[in-house]
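Some notes for a colleague who will work with these coordinates. The points go from single residues to the whole chain and end with confidence.

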Amino acid sequence: MGTKTADETGADTGAEAKNDDEAVNVTKEDVAKEEAATEAEGQTSADDSEEAGEFDDEFPPTAAKASPGVGQGAAGIVSVVLGLVSLTGGWVGTVASAREEITGQLEMQAATNATVATQLQAVYGDAWQASALWGGVFALLALLVGVAVLVRPAFGDPDQVQTPWIKSVAWAGVSVGFIGLVLAVLKYTDILLVLPST
């Protein structure tokens, strides 16, 4: 009862062999499917890389587009600095004022019958006006540079967007330059801090 005949043993061996063949076939199919999937992924990656390259050629990165704004930003800062010089007075205005003062003193030494008002104007008034004149020059430069920065995008690349900080700095330069120009005119025309009357 526990023994197997030769036919039964052959049948079992054939069944096991058939199962082994099916397992091998299934394994080969799995390997073929994996290889096909790997090739498809590689092709997709290559296509994506090509598309990305074409996209980069069509639309360059924003860093490359932002580089022209460096000059505009520098010009805006220059505008603010020129405006501050017009308000506080630079060495050019100081030298011009001192020169006018020395010239006035020399004129008064040469003059014999100059009035007090003439002396005041020659020594102090002319020096004050020279300082105001140079302050006005710096203020006007600040105003012009600031306005040039603000209107620059209208004459450049229409796709180039001016960054907000450049606009802010340029507006600051225009504002300080305008204030400096108004003060320079008031000083030069003796409306602000007029010479004492004699």
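1. Ser86 has contacts with Gly135, Phe138, Ala139, Val176 and Gly180, once residues up to four places away in sequence are set aside. The model is a predicted one, and this contact list should be read as such. Ser86 sits in helix 3. Is Ser86 buried or exposed? Its relative accessible area is 8%, under the 20% cut-off, so Ser86 counts as buried.

2. The side chain of Ser86 also has a partner among the backbone atoms: it reaches the backbone oxygen of Gly83 at 2.5 Å. For a link across the sequence, take Ser86 and Leu183, which are 97 residues apart along the chain. Their C-alpha atoms are separated by 9.1 Å.

3. Gly76 is another residue of helix 3. With a relative accessibility of 0%, Gly76 is buried, because the limit for that class is 20%. Beyond its neighbours within four places in sequence, Gly76 is in contact with Val149, Val169 and Ala170. How far apart in space are the C-alpha atoms of Gly76 and Ala170? The distance is 4.5 Å, for a pair that is 94 residues apart in sequence.

4. Ala170, the partner of Gly76 in that pair, belongs to helix 6. Ala170 likewise has 0% relative accessibility and counts as buried. Apart from residues up to four places away in sequence, Ala170 touches Gly76, Gly146, Val149 and Leu150. Val149 therefore appears in the contact list of Gly76 and in that of Ala170, with contact taken as heavy atoms within 4.5 Å. A further C-alpha separation involves Val147: Ala170 and Val147 are 23 residues apart along the chain, and 7.2 Å separates their C-alpha atoms.

5. Gln72 is also placed in helix 3. Which residues does Gln72 contact, leaving aside its neighbours within four places in sequence? They are Val149, Arg152, Gln162 and Ile166. The relative accessibility of Gln72 is 15%, so this residue falls under the 20% limit and is classed as buried. Val149 is thus a contact of Gln72, as it is of Gly76.

6. On the surface, a nonpolar patch of about 690 Å² is formed by Leu84, Leu87, Phe178, Ile179, Val182, Leu183, Leu192 and Leu193. Which helices each supply at least two residues of the patch? Helix 3 (69-88) and helix 6 (164-188) do. Helix 6 gives the most, with four residues. Leu183, named above for its C-alpha separation from Ser86, is one of the patch residues.

7. Val182 can serve as an example from the patch. This residue lies in helix 6. Its relative accessible area is 36%, so Val182 is partly exposed, between the limits of 20% and 50%.

8. Asp190 deserves a check of its backbone geometry. It is not a glycine, yet its phi is positive, at about 65°. Asp190 is located in the segment after helix 6. At 23% relative accessible area, Asp190 is partly exposed.

9. Now the chain as a whole. How many helices and strands does the protein chain have? There are six helices and zero strands, and the order from the N terminus on is α-α-α-α-α-α. The chain has 198 residues, of which 21% count as buried. Its accessible surface is about 13800 Å², and carbon and sulfur atoms account for 64% of that. Of the contacts between residues at least 6 apart in sequence, 79% join residues at least 24 apart. The pair Gly76 and Ala170, 94 residues apart in sequence, can be set beside that figure.

10. Confidence varies along the chain. The mean pLDDT of the protein chain is 75, and 65% of the residues score at least 70. Where is confidence lowest, and where is it highest? Helix 2 (residues 62-66) is lowest, with a mean of 48, and helix 6 is highest, at 93. Among the residues discussed here, Ala170 and Val182 are in helix 6.

Key. Residues are numbered from 1 along each chain as its sequence is written. This is a predicted model: local features need pLDDT of at least 70, side-chain atom pairs count only at pLDDT 80 or more; totals for chains, interfaces and linings use all residues. Side-chain values use heavy atoms; hydrogens and water are left out. Buried means under 20% relative accessible area, exposed over 50%, partly exposed in between (1.4 Å probe, protein chains only). Accessible areas come from the Shrake-Rupley method with a 1.4 Å probe; for residues, only the protein chains shown count as cover. Patches are made of residues with over 30% relative accessible area and no salt bridge: like charges are joined within 9 Å, nonpolar side chains (Val, Leu, Ile, Met, Phe, Trp, Tyr) within 5 Å. A salt bridge is a side-chain nitrogen of Lys or Arg within 4 Å of a carboxyl oxygen of Asp or Glu. A polar contact is a pair of N or O atoms within 3.5 Å; within protein, one must be able to donate a hydrogen and the other to accept it, and residues adjacent in sequence count only if both atoms are side-chain atoms. pLDDT is the predictor's confidence in each residue, from 0 to 100.
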